[in-house]
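Visitor: I'd like to learn how to read helix packing and empty space in a protein. Could you walk me through it?

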Amino acid sequence: MAAAERHDRRPGGKSPGNPRTGPGERLALNGMGSFEWDLTDGTLVLDEAGMTVFDLEPAEFDNTPEGLGLRIPPDDAARLGDTVLAVLDGGEEAYGQYFTVQRRDGRDQWTHTQGRVVRDEEGRPLRILGIVRDATAELAHLNALRKLESARAQQATIVQRTTEALSRAVTVDDVTATLTGAGALERLGAEGLALGLVEGGTIKIIALSGESLEILSERKFTRLDGTLPLSQAVLTRKARFVTSLAELSDEFPLLADYLNRIQYDAAAYLPLIAQAKAIGGLVLFYRRRTEFSPEEQNLCLGLAGIVAQSLQRALLFDQEREFATMLQAAMLPRRIPEIVGGEIAVRYHSAWSGREVGGDWYDVIALPRDRVGIVVGDVQGHDTHAAAIMGQLRIALRAYAGEGHPPSTVLARASRFLAELDTERFATCMYAQVDLETGGVRAVRAGHLGPLIRHTDGRTGWPNVRGGLPLGLATVFEQEEFPETRLDLVPGETLVLCTDGLVEEPGTAITQGMEALAHAVRSGPQEAGALADHLSDRLWERWGSGDDVALLVLRRAPDPGTHRAPRIHQYVHQADPEGLSEARYALRQALRDWGMPELADDVELAAGELLVNALLHTDGGAVLTMEVLPEPVRRIRLWVKDRSSVWPRRRTPGESATTGRGLLLVDALATHWGVESRGDGKAVWCEFDAAGSAARRAP
């Protein structure tokens, strides 16, 4: 039979009939009939039960496939016909298909057909035998199972997503943020939420989420006396599922006003039980919900259990963190001593994650002879043990420094002390003794970041402070050598010490953080406390630090002199060619401001010679000071101080000599000059009289 001929024999021109077991046989099964479709002459015979399935009367059916089109919708008929043609053309023996039958009462009946193709010896199809049956109940049950399975899958997804989200919550604030953040209500399958914690004899509402629920914040604290449904659920430890909130008004008069203002229909009041103790309560609000099925109730109870476990874990963590931070606060100095000749500001920030406790510390130590010791350090680790070690080490280092030992000895003894403790921790440290009267700084470093200095002209620099091994390790490896580096802090300059948490950004090199710190110091305010706040705002919060930060800012008081006798100071590093240029510019600008610009050339030239001599022939930088001496004759005095005790020697160079003319030039330019001892170094000075300078320039 050609495919076209077979196509014309589809039931109703659209869909093939359903086979039965044989002609004349009847299946008396309820809702099931049989048919025989002769593909040769196109006749289709339905038994009585089959007629019932199709809701056909004998007079209505003409025993042709086209006659079934009275009951089968066109789309279903076409789909069924395509299935039969595919079986006939493909040489297959059987098929099965669901379709709908439109009954007389307008109801759509799901129907199923199964057919078997009978072929001749050459494989040509002769007839189709099959059955038809009412599948409405079957599919209804299947749909119910599918809905149930879908609901279970959805509930499993809710539980999984909620568990996953809360697994990352560490503190109580983390838990509330997880339950109220973006997508949280969708995750819970609710439209609103209220969360409360038991505190003494009250329930404290700590989280609200959902439209119109903000009015519940008016009752942030409620007595745990059963006068409200949440407190009743907590007291009885039994969940309550309400499908009409309006019905609660009579039972709970205190809630009546709020029920009229919130926009929800149903709610689940759930106690939060952890280790057989009610620690709080959770309310999930819903709209357009008329019932809570057993599965939905179990889902709510499961969510309450997850929240309860997360809250209990967070409460314990917060208690431990509070204890740890109190311990750490007790280990840090409670009071910073007042200093003469400068100002000090300290800041401490705990990490944003973990127990928020670590081993970073700072200290300011009053020393003999009006000196001050400044310290920042970091004990390895971020736990209470690190904080305890930090406290012991800080006290020991303070004691060694207070005894008057030099900085190298202080760190050597501190390293020995740490090595003798019952711990494997080590510590890095930066310690400096500062004489604010002279500006002398003796700095030592134990595996720690060096200091940053902001000069009076706004430039910043990281002086090369030599260092040793971290404390503890230095003793273990028998290398308790901490070489001192001498620095000069001129009036108005600022010294910044910090731990690495201020300059370390995750995923970047520490040099980038050091550059960022230097830029922030340059752009920051002058006053020490304001600068410390500026650095905290710009850097610590920028990194989102997972590390602790200790910060110490020391500024030597400015020394501008007086209105009649002004003064400037400048420090020039040994390996800083820009410093020489900046110093010359500062001198010329100051003389212009002081009304003596005619001295600029002489002073600048002399200062350059003295500075070059100091930087070339001594080990370290030089401090440049220029001041006005108003009595008895207004004149300028220039000082260049270095740390060498060797006095300069005036020489008479030959014609071909390339050096040795510096003091000769100073002698020719200045009215007076000389050398003085200054502490552990010397100062070369020279004076310039405005009238004398003008006379030398006259023709």
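Guide: We'll take a helix pair and then the cavities. This is a predicted model, where local features need pLDDT of at least 70, side-chain atom pairs count only at pLDDT 80 or more, and totals for chains, interfaces and linings use all residues. Residues are numbered from 1 along each chain as its sequence is written, and side-chain values use heavy atoms, leaving out hydrogens and water.

Visitor: At what angle do α17 and α18 pack?

Guide: Two packed helices are described by the angle between their axes and the distance between the axes. Here, α17 (residues 600-617) and α18 (residues 662-669) pack at about 155°, axes 9 Å apart. Axes are lines fitted to C-alpha atoms over the stretch in contact, with angles from 0 to 180 degrees between N-to-C directions. Helices are DSSP runs (H or I, at least four residues), numbered from the N terminus. So α17 is roughly antiparallel to α18 (over 145 degrees). Among the residues in contact (heavy atoms within 4.5 Å) are Leu 605 of α17 and Val 666 of α18.

Visitor: How many cavities of 30 Å³ or more are there?

Guide: Rolling a probe the size of a water molecule over the atoms shows where empty space is left. A cavity is a set of points on a 1 Å grid over the protein atoms alone where a 1.4 Å probe fits but cannot get out; lining residues have an atom within 4 Å of a point. The count is 2 cavities. The largest cavity holds about 260 Å³, a volume being the space filled by probe spheres set on the points. Its lining has 17 residues, including Ile 205 and Leu 216, and α7 gives the most, with 3 residues.

How values were computed
Helix = DSSP H or I, 4+ residues; strand = E, 2+ residues; numbered from the N terminus. Parallel < 35°, antiparallel > 145°, perpendicular 65-115°, else oblique. 1 Å grid on protein atoms, 1.4 Å probe; cavity = no way out; pocket = protein on both sides within 12 Å on 5 of 7 lines; lining within 4 Å.
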